[in-house]
Amino acid sequence: MTRRDAPLRRARALPPGGTVGVCAPASPWENRSDLLRGVEWWQRNGYTVKLADGVDARDAYVAGDPVSRARDLSALFADPEVDAVHCLQGGFGSAQTVPYLDLDVVAANPKPFVGYSDITALHVVLRQACGLVTFYAPGVAGMGDKDATEFTRSRLLRVLAGETVGDVPHDPDDPYVRPIQGGRVTAPLVGGCLTLLLATLGTPWQFETDGCLLFFEDVDAPPWYVDGMLTQLGHAGLLSGVVGVVVGEMAKCDWHEGRPEWPRTKSLEDVLEQHLLPLGVPVLYGLPLGHGKHLATLPLGVVATLDADARRLTLDQPALVTDDARDDTHEDARGGGTAPPRARQEESAR
């Protein structure tokens with residue numbers, strides 16, 4: 001399943017008026033308007049939407065059986081009319097589809113792949129098995145939600161159009177981010193939702209971190225639970241090889257009265273310090289990457305520079321092929337690629 005030497009594959013940018021394929025590899029819509037709002041949002045922005053055959057399937061908390069969900073996803077990559085693949089939403093179940101994906105089809109037809117949260121399992125597999133650069137961003141239902149912000153929506157559109165390099169923007173409402181550990185490093189950026197990253201352990205597609213910048217975020221995971229997850233990653237050896245850590249938004253993860261808690265608890269930042277400071281690598285906490293009000297679409301698999309002292313995460317490598325790109329990058333969109341880059345530690349707080 002995993003091929004560490006899989007060449008980096010970048011899709012072509014979503015063209016104006018292009019076609020967005022929508023599939024539901026995890027949970028289904030609760031109300032049909034969850035899907036319709038997102039479809040109409042894409043259409044208002046000038047794009048065509050093509051729905052996968054099983055996008056309306058509903059089997060309790062999953063959108064149909066895993067074979068059908070995997071077939072829908074593979075078919076959108078194979079479809080020459082589809083320019084980008086956007087998941088309906090996360091929830092639960094995307095990992096069930098992994099054994100049934102046609103990864104050869106995905107590798108031969110690279111397209112922007114968009115989703116977050118439970119879709120983390122697919123981000124991991126498509127990067128490690130196919131070399132595909134993917135995009136961590138809300139699903140179709142999230143983009144159509146009445147509470148979706150202009151920051152989140154415009155960031156996704158700009159990135160998929162090809163604006164993929166430069167600094168990841170800070171939260172427009174609260175631009176503060178905290179450098180937990182100083183330093184500067186350049187390396188490939190990998191990761192996703194912490195709970196779902198942990199769920200890959202022991203599988204053929206266990207996520208890989210050596211020589212990489214590790215990004216993670218989560219939602220409604222109290223400090224003791226985050227403590228347990230980071231403890232397990234440490235025991236599994238998946239923290240010792242990272243060269244930097246980007247902790248996104250940990251929404252609803254600090255103490256609150258909405259759930260039973262221990263009589264005494266550490267703060268979330270206590271837990272992050274406990275596990276991440278001993279790594280001796282740059283660590284930045286608080287960019288709008290996660291389940292909060294704003295989400296800055298994040299390419300995964302590309303080279304980025306984490307400068308914790310400057311409180312910046314900079315995307316250095318284009319995540320998509322554009323018409324004005326150099327000719328040698330066009331191999332990516334035809335299913336070729338470039339060798340995986342290596343990390344470069346420029347400064348360290350070790």
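Me: Before we look at Lys50 and Asp79, what counts as a salt bridge here?
Reply: A salt bridge is a side-chain nitrogen of Lys or Arg lying within a set cut-off of a carboxyl oxygen of Asp or Glu. Keep in mind that this is a predicted model. The cut-off is 4 Å.

Me: OK, so how far apart are N and O in the salt bridge of Lys50 and Asp79?
Reply: Lys50 sits in strand β2, while Asp79 is in the loop between α2 and β3, 29 residues apart. Their side chains still meet, and the N to O distance is 2.6 Å.

Me: Is Asp79 buried or exposed?
Reply: Buried means under 20% relative accessible area. Asp79 comes in at 14%, so Asp79 counts as buried. Its partner Lys50 has 29%, so Lys50 is partly exposed. For Asp79, then, the word is buried.

Me: Which residue joins Lys50 and Asp79 in a network of salt bridges?
Reply: The salt bridge of Lys50 and Asp79 doesn't stand alone. The network's other member is Glu81.

Me: How many salt bridges are there by this rule?
Reply: Another one, besides Lys50 with Asp79, is Arg32 with Asp56 at 3.4 Å, N to O. That pair links helix α1 to the loop between β2 and α2, 24 residues apart. By this rule the count comes to 10.

Me: Arg312 and Asp167 form a salt bridge too; how many residues apart in sequence are the parts this pair ties together?
Reply: The closest N and O atoms are 3.0 Å apart. Arg312 is in strand β14 and Asp167 in strand β6. Arg312 is partly exposed at 39%, and Asp167 is partly exposed at 37%. The parts tied together are 145 residues apart in sequence.

Me: Now the inside: which helix gives the most to the largest nonpolar core?
Reply: Nonpolar side chains tend to be buried together in soluble globular proteins. The largest nonpolar core here has 57 residues, and Trp42, Leu189, Leu213, Leu298 and Leu313 touch the most other members. The helix giving the most, with 5 residues, spans 150–160 and is α7.

Me: Which residues from 298 to 302 does Leu189 touch?
Reply: Leaving out residues up to four places away in sequence, Leu189 touches, among others, Leu213, Phe215, Ala304, Leu313 and Leu315. In the stretch you ask about, Leu189 touches Leu298, Pro299, Leu300, Gly301 and Val302.

Me: How many residues are in the second, separate core?
Reply: This core includes Phe216, Leu233, Val247 and Met250. The number of residues in the second core is 29.

Methods: Residues numbered from 1 in each chain as written. Predicted model: local features only at pLDDT ≥ 70, side-chain atom pairs only at ≥ 80, totals over all residues. Heavy atoms only, no water. Core = buried A, V, L, I, M, F, W, Y, C linked by side-chain atoms within 4.5 Å. Buried < 20%, exposed > 50% of the residue type's maximum accessible area, 1.4 Å probe, protein only. Helix = DSSP H or I, 4+ residues; strand = E, 2+ residues; numbered from the N terminus. Contact = heavy atoms within 4.5 Å.
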